[in-house]
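User: Hi! I've got a protein open on my screen and I'd like to talk it through with you. Could you walk me around it?

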Amino acid sequence: MVNDGARAAIAAAGAERFVSLIDPSNPKLLRLLRVMEDGWDAIGVRNKNAGHHSLWPEAFEAGRSLLEEAFPEECDPKFGGEVLSGVAFVGDDMKDRAIDFMQRRPKTDFTMSKYNPLGRLHRDPDAIDYKQPGWMETAMPGSAPFGAEEEEDGAYSYRYYNVWLARTPLDASGQVYENPLCLLLPRDEGAKEWDYEIRKPEDNVGAKEETIGEMMGRAAKNPLSAAPIVMSMFSTRRGQKKEDQFEFTDPNYMSRGSPELTPDDAHTWITHPFVAFDSFDMWHGAAKWDGDEKKAVIDSAADLMRARQDASKGRVSMELRFRARCKPGGREGVPFSPLSSAYRGGVFTPDTVRPSGGEYDLEKGTTR
């Protein structure tokens, strides 16, 4: 779903607290895009395309204003919300391992990066990003287990919002030409998890690895894919397991397992070039357009040559990560997030994955 169809789908799913499509003409968005343009190389590229929020305070301040506008009850202090920069996977003593912002470069670039851009559907807490022991308590203070609230006005509900922005030309329909970010709308307004399977390393035992000949054959069909192949051939980390090939990884990633979403006709997917979304409670990932439909959009462009050039460049995007919190207690109509309900109910821990099909009481902030 795109544009008006995506907006209608969000409303039909009761997902307004999970995702907001940002108008391309929004002055707050235009300010953030200018900040990104100014700091893309000096801050982003210089820090291997990812880093701690303190490296880029202007960008996070601009992103904060977008979140306060999009999700006032969760983010705007006027309505009892609060935005915190970064995801706090690590403390200030390990800022070099933080991934609070990330730049996705064109696939034609040979570039160093300190993060692993996932090519599959995922939710951010399940990813391989390094997380310091005790990060949940540090990142979500005041979110006591259900029944153990320490303050009269109750516990905090947390949401982890990402502000995701495309930085490449858009097609005639207002979407990116390549690899659109697709978001799965929540099930039952977040009260129930979508079904998924947990895959672990032993599930891949016996899988046939791609040969050098097969890799080069793939590169011949798509020369732009040769860059990562060549980089891997000359890498000092060649031969290592995938989970060991990146600078900083989550020590619980392999034992916890990797959730793989089960296909379901009830899934509703949306995409937009400028979007704020709950990255801990919404499945998301890069997708592919239908080839015939993409060709039709390109062919409909007023400047066909320019459209073909833009379509071949690959997607460039920027993502800023935030936490938002509020206290639903006593605020009619303000629910706990599924994440906080799982955490307070004891089914979201550093070494476990939330249960497939799990159900939550979003009013009380716990499991059912």
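Analyst: Happy to; we can go from the overall fold to single residues and then to the empty spaces. Please keep in mind that this is a predicted model.

User: Good to know. How many helices and strands does the chain have?

Analyst: There are eleven helices, along with 15 strands.

User: And how much of the chain counts as buried?

Analyst: Of its 368 residues, 49% are in the buried class. The chain exposes about 17,800 Å² in total, and 51% of that area comes from carbon and sulfur atoms.

User: What share of the contacts join residues at least 24 apart?

Analyst: Counting contacts in the chain between residues at least 6 apart in sequence, 79% join partners at least 24 apart.

User: Let's switch to cysteines. How many disulfides does the structure hold?

Analyst: The number of disulfides is zero. Take C326: for this residue the nearest cysteine sulfur belongs to C75 and is 8.5 Å away, so C326 is in no disulfide, since a disulfide needs the sulfurs within 2.5 Å.

User: Is C326 buried or exposed?

Analyst: C326 has a relative accessible area of 2%, so it is buried. C182 has 15% relative accessibility and is also counted as buried, because the buried class takes in values under 20%.

User: You mentioned C75. Where is that one?

Analyst: C75 sits in helix α4. Its relative accessibility is 0%, so C75 counts as buried.

User: What does C75 touch beyond its neighbours in sequence?

Analyst: Leaving out residues up to four places away, C75 is in contact with L67, E68, G81, E82, V83, Y161 and A324. There is also a C-alpha separation of 9.4 Å between C75 and R159, which are 84 residues apart along the chain.

User: Which other residue of that helix could we look at?

Analyst: Try E74, which is placed in helix α4 (residues 72–75).

User: Is E74 buried or exposed?

Analyst: E74 is buried, because its relative accessible area is 5%. Residues that E74 touches, again leaving out those up to four places away in sequence, are R17, G81, E82, R159, Y161, A324, R325 and C326. That list brings us back to C326, the buried cysteine from a moment ago.

User: Nice link. Now backbone angles: which residue has a positive phi of about 50° although it is not a glycine?

Analyst: That would be N3. N3 belongs to helix α1, which covers residues 3–12, and with 26% relative accessibility N3 is partly exposed.

User: And which has a positive phi of about 60°?

Analyst: K48, which is not a glycine either. K48 is located in the loop between α2 (27–44) and β2 (50–51). A relative accessible area of 33% makes K48 partly exposed.

User: OK, on to empty space. How many cavities of 30 Å³ or more are there?

Analyst: The count is five. The second largest of them holds about 80 Å³.

User: Which residues line the second largest cavity?

Analyst: The lining is made up of F18, R123, P186, R187, G190, K192, E193, W194, D281, W283, P338 and Y360. By class, this lining has six nonpolar residues, one polar and five charged.

User: Tell me about one of those. Where does K192 lie?

Analyst: K192 is in the loop between β7 (181–184) and β8 (196–199). Its relative accessibility is 24%, so K192 is classed as partly exposed.

User: What is K192 in contact with?

Analyst: Setting aside neighbours within four places in sequence, K192 contacts R187, G357, G358 and E359. R187 appears in the lining of the second largest cavity too. As for distance along the chain, K192 and R368 are 176 residues apart in sequence, while their C-alpha atoms are 9.6 Å apart in space.

User: Last one: how much space is in the second largest pocket?

Analyst: The second largest pocket has about 150 Å³. It is lined by 18 residues, and H52, A88, F89, V90 and D100 are the closest to its centre.

User: What is the mix of residue classes in that pocket's lining?

Analyst: The lining of the second largest pocket consists of seven nonpolar, five polar and six charged residues.

Definitions and conventions. Residues numbered from 1 in each chain as written. Predicted model: local features only at pLDDT ≥ 70, side-chain atom pairs only at ≥ 80, totals over all residues. Heavy atoms only, no water. 1 Å grid on protein atoms, 1.4 Å probe; cavity = no way out; pocket = protein on both sides within 12 Å on 5 of 7 lines; lining within 4 Å. Points joined across faces, edges and corners; volume = space filled by probe spheres on them. Nonpolar A, V, L, I, M, F, W, Y, C, P; charged D, E, K, R; others polar. Helix = DSSP H or I, 4+ residues; strand = E, 2+ residues; numbered from the N terminus. Buried < 20%, exposed > 50% of the residue type's maximum accessible area, 1.4 Å probe, protein only. Contact = heavy atoms within 4.5 Å. Areas by Shrake-Rupley, 256 points an atom, 1.4 Å probe, with all protein chains shown as cover.
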